[in-house]
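Thank you all for coming. I would like to walk you through one structure this morning, going from a helix to the strands and then to the spaces inside.

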Amino acid sequence: MVDWSGGNDTGPRPRRDAIWLGLVRQGREEPPRYLRNRALAQEAIAELIETERCAGRRLMVGFDFPFGFPAGFAEGLTGRADPFAVWDWFEDRISDDPSANNRFDVAAMANGLFPGTGPFWFNGLRRDIAGLERRDTRAGHGQRERRAADAPGTFTCWQMGGAGAVGGQVLTGLPVLNRLRRRFAGDVAVWPFEDLARPVAFVEIWPGLINEVVKQAEAAGGVRDAHQVRLMARALARLPETDLAAMLAIDAPEEGWIMGLGHEEKFSRAAEGLKPPPLRDDCFALPGGVDWTPADQALALLRARLHRVVGQEPVDLASGLGRVLGAPVTARRANPPHPNTAVDGYGFAYASLGEGDQTLPLIAGRVAAGVPYAGDVPFGSAIRVLTGAALPSGVDTVILQEDVSVGRGEIAFRAGIKPGANTRRAGEDVGEGETILAPGRVLTPADLALCAAVGVARLEVCLRLRVAIISTGDELAEAGETPREGQIFDANRPMLSALVRDFGYEVVDLGKVADDRETLRRALDRGAAEADVILTSGGASAGDEDHVSALLNDAGAMAEWRIAIKPGRPLALGLWRETPVFGLPGNPVAALVCALIFARPAMASLSGAGWFEPQGFDVQANFEKRKKPGRREYLRARMREGRAEVFKSEGSGRISGLSWAEGLVELPEAGAEIKPGDSVRYIPFASFLRG
């Protein structure tokens with residue numbers, strides 16, 4: 001299900017009134033995708049079609065804008081009562097890029113083909129457009145106001161701007177559909193204009209059909225558009241075949257139709273879709289038909305959908321350490337800026353040398369770094385040069401002072417020196433105007449040295465990522481307090497706060513929150529307002545007091561959970577008021593592992609540094625381990641005498657193992673029986689720090 005927009009690029013951060021895509025594949029709901037402009041939306045839909053076509057599956061794609069206009073418009077515009085002729089007409093004339101499109105001008109062009117003022121209205125631009133009124137003052141154009149499928153009171157397809165600008169969506173949407181239809185010729189059928197025997201169907205369907213269900217989801221927070229595409233895709237996927245067939249049995253060859261019109265109650269029931277789960281004596285059991293999410297799949301999901309969310313600021317070179325570069329850095333001058341000598345010795349023109357051993361007259365003076373020689377060195381003469389000195393005119397080769405005999409006013413040396421020996425060319429390291437650092441780099445001391453060497457004193461860097469941290473649970477007390485009976489000390493917040501600072505980000509400490517849904521909602525609201533990403537610990541599973549996952553689900557923004565790793569199964573990934581949320585397990589061992597494996601690379605993307613993959617090493621094991629297949633496992637480990645040893649207990653309650661460890665041993669999903677000497681992958685904790 002695609003929620004369309006006729007406006008310009010909506011920016012990197014998910015927001016309302018943008019393009020959203022909801023998907024249910026083989027009964028499994030995927031998180032809504034935010035698509036910031038139509039070019040990205042077109043490619044996303046094309047990739048989806050290609051994927052499903054290659055997999056041999058059928059695909060229905062719903063769009064929330066009209067596929068046709070009131071009867072008579074097609075003939076008036078193109079001379080034929082053919083809706084696809086209208087699609088071709090608009091595609092030929094609409095120019096569209098992420099920052100601007102000409103939909104208002106094209107509407108004016110269409111108006112010029114009709115009597116009176118023409119049917120389209122509402123010029124949404126600041127400039128006047130001949131033939132397109134700013135208000136609905138149309139008259140005499142001869143076109144009906146609505147299609148047969150459009151209920152009275154709905155927005156008309158002639159309205160180009162303002163709230164409910166259906167016309168703007170149609171004029172920008174039909175060219176995209178036309179290109180996709182042509183790109184996948186023979187595979188795409190457009191309903192109700194074509195037979196649906198093809199593997200891909202484009203249908204017009206409006207989320208307003210399930211408005212009450214959407215409003216219930218929206219009440220818990222989140223983006224309405226995201227709720228709409230998620231719930232409508234769910235409804236379409238769950239409709240019984242008989243109901244689906246009845247909804248598609250429509251004859252509207254010119255105007256098109258809104259699929260499901262008149263079947264709103266059936267759609268709403270399918271969108272709610274309450275089904276009892278099978279009985280399972282397993283607290284980590286998933287709903288029927290849902291599998292564990294492999295770690296690589298969850299990581300790929302994060303990598304594809306997360307991007308930089310922070311702005312930029314200029315800083316002095318001295319303040320750049322550890323900051324994420326926001327713009328490319330170019331050399332203001334070359335390094336070295338001029339040819340110079342690499343050693344202490346004597347300089348001369350190589351072409352002045354003869355055969356065999358050499359004797360050259362030595363002129364008075366010397367050349368030192370920062371003290372250039374004012375004159376030219378005569379051809380056939382030599383001059384004393386010191387390391388780093390700019391080569392004077394007449395010198396292109398330098399011989400080491402250790403290879404020279406110095407007499408009264410002359411030097412002698414053996415044959416065999418090569419032209420240009422012991423010199424550096426101007427710009428041989430960096431040329432003037434050359435890009436020396438790319439955006440996304442986390443600046444190191446060496447980077448600052450390079451910038452200084454080429455004359456760069458100011459850097460454009462990303463604002464520091466702000467990370468809100470929340471610990472949840474009635475059982476938590478602060479270290480130093482006197483705990484009540486049954487309470488434990490909160491180890492996660494100090495650990496996660498230190499970890500975030502080690503990554504180079506700012507911490508927004510929101511404290512610990514009791515097991516109360518409304519209190520947690522307020523804390524999440526504050527986190528979304530004050531931070532760029534939220535880390536919670538605890539409450540990420542499916543129990544009565546697991547409020548993090550419950551709120552994310554209610555908000556329609558839960559992405560993935562039950563990741564197939566150990567430790568760390570209850571991991572919630574989602575959005576709260578458009579801010580990414582990582583619902584980490586409450587167990588400190590699992591919280592640390594999930595923060596390193598999932599939150600670390602995700603936060604790198606959000607910070608502008610790009611996706612982060614820690615460096616691991618293949619080493620020999622100094623332990624025995626039998627592993628069942630199914631989940632990726634991370635063992636607390638450290639290196640001793642060239643081999644990896646692991647903590648004596650795998651129990652995730654043993655926090656002392658975190659302090660004991662210096663890294664993690666990563667075991668893949670396949671079953672294994674590891675013995676001392678076998679190769680395993682070891683990831684030092686240091687590999688997770690600043691990239």
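Let me begin with a question: which residues in α7 are buried? In α7, the buried residues are D225, A226, H227, Q228, V229, R230, L231, M232, A233, R234, A235 and L236, where buried means under 20% relative accessible area, exposed means over 50%, and partly exposed is in between, with a 1.4 Å probe and protein chains only.

Before I go further, please keep in mind that this is a predicted model, in which local features need pLDDT of at least 70 and side-chain atom pairs count only at pLDDT 80 or more, while totals for chains, interfaces and linings use all residues. Residues are numbered from 1 along each chain as its sequence is written, and side-chain values use heavy atoms, with hydrogens and water left out.

Coming back to α7, the helix is mostly covered, with 12 of its 15 residues buried. Helices (H or I, at least four residues) and strands (E, at least two) are DSSP runs, numbered from the N terminus. The expected span of a helix is 1.5 Å times one less than its number of residues, so the 15 residues of α7, which are 224-238, should span 21 Å, and this agrees with the 21 Å between its end C-alpha atoms.

Now to the strands, where two strands pair if DSSP finds at least two bridges between them. One open sheet has six strands in the order β15-β12-β14-β13-β17-β16, and its pairing is mixed. Its edge strands, each pairing on one side only, are β15 (397-400) and β16 (405-407). At the β15 edge, four bridges connect that strand to β12 (residues 345-348) in the antiparallel sense, and G345 stands opposite L400.

Further along the chain, β36 (residues 679-684) pairs in the antiparallel sense with β30 (residues 617-621) over four bridges, with V619 opposite V680. Strand β34 (residues 663-667) also runs antiparallel to β36 and is joined to it by four bridges, and there G663 has P684 as its bridge partner.

Let me turn to the spaces, which are found on a 1 Å grid over the protein atoms alone: a cavity is a set of points where a 1.4 Å probe fits but cannot get out, a pocket is an open set with protein on both sides within 12 Å along at least five of seven lines, and lining residues have an atom within 4 Å of a point. There are three cavities of 30 Å³ or more, and the largest holds about 40 Å³. Its lining consists of F67, G68, F69, P70, F73, A74, P83, V86 and E254, with α2 (73-78) and α3 (83-93) each supplying at least two of the residues.

The second largest pocket holds about 1000 Å³ of space. It is lined by 39 residues, of which D3, W4, D17, G164 and Q169 lie nearest its centre. The helix we started from returns here, as α4 (103-111), α5 (166-183), α6 (211-218) and α7 each supply at least two residues of this lining.

I will end with F193, which lies in the loop between β7 (188-190) and β8 (200-204). Why does F193 count as buried? Its relative accessibility is 16%, and therefore F193 counts as buried. The C-alpha atoms of F193 and A590 are separated by 54 Å, and the two residues are 397 residues apart along the chain.

Methods:
Grid points are joined across faces, edges and corners, and a volume is the space filled by probe spheres set on the points.
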